[in-house]
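Me: Please take a close look at one part of this structure, the surroundings of the ligand, and then place that part among the helices. Give the cut-offs as you go.

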Amino acid sequence: MSDTATSTVIRRADYTPPAFLIDSVALEFDLVPERTFVKSTMRVRRNPDAAPAARLDLMGEALELVSVAIDGAPHPAHRAHEHGLTVDNVPDAFELSIESVCKPAENTTLSGLYVSSGNFFTQCEAEGFRRITYFLDRPDVMSTYTVTIRADKAAYPVLLSNGNLVEASDLPDGRHAAKWDDPFKKPSYLFALVAGKLVALEERIRTSSGKEKLLQVWVEPHDLDKTRHAMDSLIDAIHWDEERFGLELDLDRFMIVAVSDFNMGAMENKGLNIFNTKYVLANPETATDTDFANIEAVVGHEYFHNWTGNRVTCRDWFQLSLKEGLTVFRDQEFSADMQGGATDGAARAVKRIEDVRVLRQMQFAEDAGPMAHPVRPESYVEINNFYTMTVYEKGAEVVRMYQTLFGREGFRRGMDLYFKRHDGQAVTCDDFRHALADANGRDLTQFERWYSQAGTPRIAVRTAYDSAARRYAVTLSQRYGDAAPAARETQKGPLLIPFAIGLIGRDGADLPLRLEGEPAAGGTTRVLELTEAEQTFTFVDVEQPPLPSLLRNFSAPVIVEYDYTNDELAFLLANDSDAFNRWEAGQRLATRELLALAERAAANEPLSLDDSVVAAFARVLTDESLSPAFRELALVLPSEPYLAEQMAEADPAAVHMARQFVRQRLATALREEWLAVYARHETPGPFEPTPQAAGHRGLKNLALAYLAELDDPSDAIRLAVAQYDSANNMTDRAAALSALLAASATRSAAQADGALDDFYRRFEREPLVIDKWFAMQATQRGSQERPIIDTVRRLMGHPAFTLRNPNRARSLIFSFCSGNPAQFHAADGSGYAFWADQVIALDALNPQVAARLARALELWRRYTPALRERMRAALERVAAQASSRDVREIVEKALA
Ligand code: ARG
Ligand code: ZN
């Protein structure tokens with residue numbers, strides 16, 4: 001039963017330092033799937049900086065206690081309970097030995113020590129270590145670890161843990177042992193152990209100081225042919241961090257291990273990163289260009305954590321964004337540099353656009369709902385629910401704003417000071433902000449509000465041109481919109497907002513900028529610092545009425561309100577020197593049209609689209625001076641969830657009708673152009689994994705997708721069948737299959753069914769590709785006669801489907817519930833009933849994954865009344881039946 005009174009709320013304000021510290025720990029594992037025996041020997045002492053405590057309270061979950069000893073003697077003054085182990089009568093400093101048993105084979109939560117494909121893996125962040133042994137499982141307790149692993153040698157030939165291998169030996173009875181030593185102090189959430197039948201791709205490299213390092217990517221034997229890209233990404237990441245931040249790899253050995261059962265993307269355990277296979281395994285036949293890019297980003301992300309997260313870690317989990325926001329920012333910059341080099345603005349903009357699209361669709365929505373929280377949350381029930389878009393993506397935007405304010409050099413100075421002050425420590429977001437402020441001689445007191453206020457700021461822009469005085473006044477005013485109560489509570493005052501702006505002349509070129517009071521003009525983009533609720537910035541010597549280019553490169557995570565005309569947006573789309581804002585102009589234009597159409601669709605009025613809008617998109621489509629990657633992004637319409645979120649009352653069916661109408665209109669009006677673009681960007685010859693080649697594939701496949709929208713999709717079917725059969729890479733093969741599925745909505749499904757069967761048989765032994773097979777079917781367009789929920793229900797019974805593997809559950813269930821809004825929000829509520837069933841079923845196996853799925857309904861109050869009521873009923877059913885703290889926190893907040 002749901003019962004708020006039983007969920008303990010953890011508050012940031014209640015932080016107290018630990019009463020005891022653990023300086024070192026020696027762990028011994030006897031690995032057996034059913035019962036693994038763990039002996040932990042810890043050097044414990046009282047924390048001189050904490051209030052004295054009468055007893056030692058260790059955390060522990062799902063453990064069987066065997067024995068407790070202090071300084072070698074049995075210590076009967078202890079008590080094991082539901083949340084851990086209490087030890088009474090402890091001296092000031094002592095050696096504590098604890099023996100216990102955990103049960104990896106029956107651990108379906110994938111937190112702690114568990115078995116996947118017959119091998120052992122761990123996941124300890126945030127609070128999984130307590131499921132392995134009793135410990136002070138909190139990030140401000142940092143210890144050195146030595147780990148001895150014993151296991152059957154035939155079943156588990158490879159035994160890995162953090163740091164360096166110091167001993168390996170054979171034992172009687174066909175067992176063997178390995179001993180690992182990690183010289184760096186670390187919190188328990190960075191502990192890792194892996195054991196099983198694995199093989200590695202190895203490289204030796206030299207880092208900047210000339211030291212040789214061993215790099216390994218460990219996988220199951222049949223996956224060795226899919227490790228090269230992860231290894232290359234790791235090597236690139238190591239060099240990038242040396243060059244950009246002067247940060248060198250600090251261990252002799254760095255290992256990545258892939259596991260197919262994993263709750264999240266990957267984990268930065270010291271020297272032994274553990275990854276979801278999805279973010280390691282790739283070759284051209286199995287992985288798309290997007291997969292390749294994601295692998296590079298996630299390998300970079302986890303590697304960069306070695307400094308931002310591991311060398312300097314978080315004092316408590318409220319500070320999660322200290323490491324996550326910063327590390328996401330670092331991986332974004334890494335990907336941008338890899339794609340476009342440090343200086344190619346247009347190529348870098350592609351990455352920026354992709355990141356902002358995710359932020360606006362996902363984080364802005366989170367910030368408008370019941371889970372809204374500041375980048376540094378004030379409270380939580382279950383910390384795993386706070387690995388959110390806000391902590392990660394908005395947190396990265398907050399870090400980016402320092403760089404926008406201080407420049408790359410100023411940001412680097414701040415980073416250097418941060419490491420100089422805090423290496424080896426567990427610190428707070430304030431410590432990071434102070435390092436940036438002090439290194440740049442700035443007072444950043446006001447900037448703190450970015451960490452403590454939830455909700456998305458809106459900036460209204462007014463402009464006035466005085467032709468006689470040749471002055472152009474830009475007035476910016478900031479406020480929060482009608483956020484959910486959760487966000488409103490936190491809002492205290494105006495933010496410091498870096499607002500990048502340019503002024504564009506009649507000829508489309510940037511005007512030189514001179515603000516009132518400045519001696520001379522300089523530059524064509526200026527970062528205005530908005531600090532008041534309302535402020536006016538006046539440009540002087542402005543020869544002609546300019547068109548403003550606002551919030552260039554998305555210089556702050558805000559919503560800009562300015563009434564451009566359609567002609568002005570078309571002009572910006574064609575001319576803005578800021579590539580991000582060119583894209584933005586097209587999105588604004590499309591969004592405005594689509595929302596107007598959605599209102600008409602909701603009212604059953606006929607739909608029509610102005611020729612000028614078609615013309616604006618036609619110019620982008622045919623402009624061969626623009627990079628294909630940019631054109632692809634500019635020609636993708638805003639997503640259905642993003643559009644629904646902009647409506648007074650979200651109406652997914654109306655949004656879908658409007659968006660489909662525009663897609664079909666663009667397909668029909670520009671049919672010849674799409675065909676020409678398809679032909680021109682076909683890339684015959686051997687597969688190349690470069691960003692340029694990926695750009696051509698992306699644009700070509702977008703053309704195919706539009707052609708599949710035509711009333712007569714026979715061109716698309718012909719091209720897709722040929723492309724499917726001749727594809728030498730997954731990007732092209734999957735795009736061809738998607739196009740056939742889309743065309744089958746209007747035409748016979750024969751080709752689509754044939755290709756689906758072929759695809760399944762071809763890739764039966766590649767689980768990550770079979771995930772795509774499920775996802776493509778779950779997200780396909782349906783119709784009244786062919787509701788996709790029927791397909792999804794049927795696929796739940798497919799022999800390859802299982803709820804226990806998170807990737808597989810995500811590929812079918814999450815894809816349908818979050819990736820197919822028009823079908824999921826069916827008027828009869830069938831989608832919601834399905835959702836409730838799956839949340840409840842998953843909750844019994846894996847609360848973390850169940851809680852993610854539970855979030856699919858959190859914005860229920862924003863929908864039209866009929867849908868709202870059906871959603872409420874589904875939420876109430878889950879609230880009544882969910883047993884985990886994870887799911888209860890989500891549904892209770894949603895219903896509150
Ligand atoms: N620190 C990991 C990363 O950012 C995420 C791990 C989160 N895991 C969890 N169960 N909450 O890459
Ligand atoms: Zn991370």
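Reply: What follows starts at the ligand and moves outward through the helix contacts to the whole chain.

This is a predicted model, in which local features need pLDDT of at least 70, side-chain atom pairs count only at pLDDT 80 or more, and totals for chains, interfaces and linings use all residues. Residues are numbered from 1 along each chain as its sequence is written, while chains are lettered from A and ligands numbered from 1 in the order in which they are written.

Around ligand 1 there are 14 residues, of which Glu125, Met264, Met267, Asn384 and Tyr387 come nearest (a residue is near if its C-beta atom, placed from the backbone, lies within 6 Å of the molecule). Two or more residues of this shell come from each of strand 20 (266–267) and helix 2 (289–304); helices (H or I, at least four residues) and strands (E, at least two) are DSSP runs, numbered from the N terminus. By class, the shell holds five nonpolar, five polar and four charged residues. Here Ala, Val, Leu, Ile, Met, Phe, Trp, Tyr, Cys and Pro count as nonpolar, Asp, Glu, Lys and Arg as charged, and the others, Gly among them, as polar.

Helix 2 also packs on helix 1 (residues 228–245), at an angle of about 45 degrees and with the axes 9 Å apart. Axes are lines fitted to C-alpha atoms, for helices over the stretch in contact, and angles run from 0 to 180 degrees between N-to-C directions. Helix 1 is therefore oblique to helix 2 (under 35 degrees is roughly parallel, over 145 roughly antiparallel, 65 to 115 roughly perpendicular, and the rest oblique). Helix 1 contributes His229, Ala230, Ser233, Leu234, Ala237, Ile238 and Asp241 to the contact, and helix 2 contributes Phe292, Ile295, Glu296, Val299, Gly300, Tyr303 and Phe304; contact means C-beta atoms, placed from the backbone, within 7 Å. Nine of these residues are nonpolar, three polar and two charged.

Another helix pair is that of helix 9 (residues 566–575) and helix 10 (residues 579–602), packed at about 150 degrees with axes 7 Å apart. These two are therefore roughly antiparallel. Their contact has six nonpolar, three polar and two charged residues.

The protein chain as a whole has 27 helices and 31 strands. Its radius of gyration is 28 Å, close to the 29 Å that the globule rule gives for 896 residues, so the chain is as compact as a globular protein of that length. That radius is taken over C-alpha atoms, and the rule is 2.2 Å times the number of residues to the power 0.38.

Note on methods: Contact = placed C-beta atoms within 7 Å.
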